[in-house]
Amino acid sequence: MSRIRAAVLGSPIEHSLSPVLHRAAYQELGLDDWSYDRFEIDEAALPEFVAGLGPEWAGLSLTMPLKRAIMPLLDGISDTAASVETVNTVVLTEDGRRLGDNTDIPGIVAALHERGVEKVSSAAVLGAGATASSALAALSRICSGEVTAYVRSAARADEMRQWGERLGVPVRTADWSEAASALSAPLVIATTPAGTTDALAASVPEGAGTLFDVLYDPWPTALAATWSRQGGQVVGGLDLLVHQAVLQVELMTGRTPGPLAAMRAAGERALAAR
């Protein structure tokens with residue numbers, strides 16, 4: 001039986017849970033002839049890797065630092081990916097085309113909807129990297145008011161305001177030194193690296209709203225743990241990873257996995273084993 005291949009690319013890549021989640025979905029769907037691997041690939045190695053993909057390949061997942069580096073190598077990208085100039089999914093079609101998409105944005109929205117967060121009057125974003133721009137794109141679908149982005153430099157502040165204008169989101173920026181004031185927003189999306197928000201944990205108010213912390217390892221973060229103790233709702237990075245992976249499976253296989261429980265449970269087991 002010939003194998004149909006998919007994989008996640010990035011650097012570093014050994015931490016990625018994508019193989020665990022995609023393989024769980026394949027098992028659930030009965031796709032015994034599908035395989036999903038991971039490859040340590042940086043920007044310099046990406047063109048050669050993509051050029052060498054044969055007809056057995058169905059798709060790729062991209063993590064940092066490849067989400068923008070992949071774009072010149074594609075035959076087309078979706079409107080969603082174009083809106084943030086970030087691709088995390090490539091579908092290889094039967095006629096040889098390489099099509100890029102972004103499942104992080106609808107993944108954020110779906111993870112929030114799962115927890116009952118469908119509309120908010122305002123929101124705060126901690127950080128200003130590629131994930132922050134995806135967060136703004138997601139907020140354009142669910143936030144009716146202003147988004148405040150807390151950043152560390154004037155250049156980052158300017159970038160976030162430009163993304164807001166492009167995405168149709170009113171963005172106000174504030175210095176990171178004021179980040180504790182973000183915690184009173186009805187929805188806070190933390191997009192920063194591990195440890196960055198630890199100092200904010202002491203400032204979480206009682207009866208906090210919803211925190212979406214995109215990290216999943218280590219978990220819970222100090223901020224997420226305190227948020228839960230203070231009575232707030234927490235959405236974690238594993239929630240995002242599962243929802244965006246479901247969308248990737250749909251794009252690559254043309255089939256939709258059933259309930260998310262199997263994929264989430266596989267991810268939880270893998271994290272617990274670390």
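Me: What does "buried" mean here?
Reply: Buried means under 20% relative accessible area. Keep that cut-off in mind. The model is a predicted one.

Me: What makes helix H8 largely enclosed by the rest of the structure?
Reply: Count its buried residues. Of the 17 residues of H8, 14 are buried, so the helix is largely enclosed.

Me: How do you know that the span of H8 agrees with its number of residues?
Reply: Take 1.5 Å times one less than the number of residues. For the 17 residues of H8, 237–253, that should give 24 Å. The end C-alpha atoms are 24 Å apart, so the two values agree. Just after H8 comes Gly254, with a positive phi of about 80°.

Me: Why is H8 called oblique to helix H9?
Reply: Look at the angle. The axes of H8 and H9 (residues 261–272) cross at roughly 135° and come within 10 Å. That makes H8 oblique to H9, because angles over 145 count as roughly antiparallel and 65 to 115 as roughly perpendicular, with 135° in neither range. The crossing is right-handed.

Me: Which residues of H8 and H9 meet?
Reply: From H8 come Leu238, Asp239, Val242, His243, Ala245 and Val246. From H9 come Met263, Arg264, Gly267, Glu268 and Leu271.

Me: What does H8 lie across?
Reply: H8 lies across strands S1, S2, S3, S5 and S6. Its angle to S5 is about 15°. Angles under 35 degrees count as roughly parallel, so H8 is roughly parallel to S5.

Me: In what order do the strands of that sheet stand?
Reply: The order is S2-S1-S3-S5-S6-S4, in an open sheet of 6 strands with mixed pairing. Strands S2 (34–40) and S4 (76–77) each have a single partner strand, so one side of each is left without a neighbour in the sheet.

Me: How do you know that S5 and S6 pair?
Reply: Two strands pair if there are at least two bridges between them. S5 (residues 89–92) and S6 (residues 98–101) share 4 bridges, in the antiparallel sense. Leu92, for one, has Arg98 in S6 as its bridge partner.

Me: Which helix runs at about 175° to S2?
Reply: Helix H1 (residues 18–29) does. Angles over 145 count as roughly antiparallel, so H1 is roughly antiparallel to S2. H1 also lies across S1 (4–10) and S3 (57–62).

Me: What makes S9 and S12 edge strands?
Reply: Start with the order. An open sheet of 6 strands runs S9-S8-S7-S10-S11-S12, with parallel pairing. S9 (171–175) and S12 (233–235) each have a single partner strand, so one side of each has no neighbour in the sheet. Neighbouring strands of this sheet are turned by 20° against each other on average, direction ignored.

Me: How do you know that both faces of S10 are covered?
Reply: In a regular strand, side chains alternate between the two faces of the sheet. In S10 (residues 187–190), Leu187 and Ile189 are buried on one side, and Val188 and Ala190 are buried on the other.

Me: Which strands do bridges join to S10?
Reply: S7 (residues 123–126) is joined to S10 by 3 bridges. S11 (residues 210–213) is joined to S10 by 4. Val188 is the bridge partner of Ala124, and Leu211 in S11 is the bridge partner of Val188.

Me: Why does Ser134 count as buried?
Reply: Its relative accessibility is 3%. The cut-off is under 20%, so Ser134 counts as buried. Ser134 sits in helix H5 (residues 130–142). Leaving aside neighbours within four places in sequence, Ser134 is in contact with Val84, Asn102, Asp104, Ile105 and Ile108.

How values were computed: Residues are numbered from 1 along each chain as its sequence is written. This is a predicted model: local features need pLDDT of at least 70, side-chain atom pairs count only at pLDDT 80 or more; totals for chains, interfaces and linings use all residues. Side-chain values use heavy atoms; hydrogens and water are left out. Helices (H or I, at least four residues) and strands (E, at least two) are DSSP runs, numbered from the N terminus. Buried means under 20% relative accessible area, exposed over 50%, partly exposed in between (1.4 Å probe, protein chains only). Axes are lines fitted to C-alpha atoms, for helices over the stretch in contact, and angles run from 0 to 180 degrees between N-to-C directions. A crossing is left-handed if the near helix is turned anticlockwise from the far one by less than a right angle, and right-handed if clockwise. Contact means heavy atoms within 4.5 Å.
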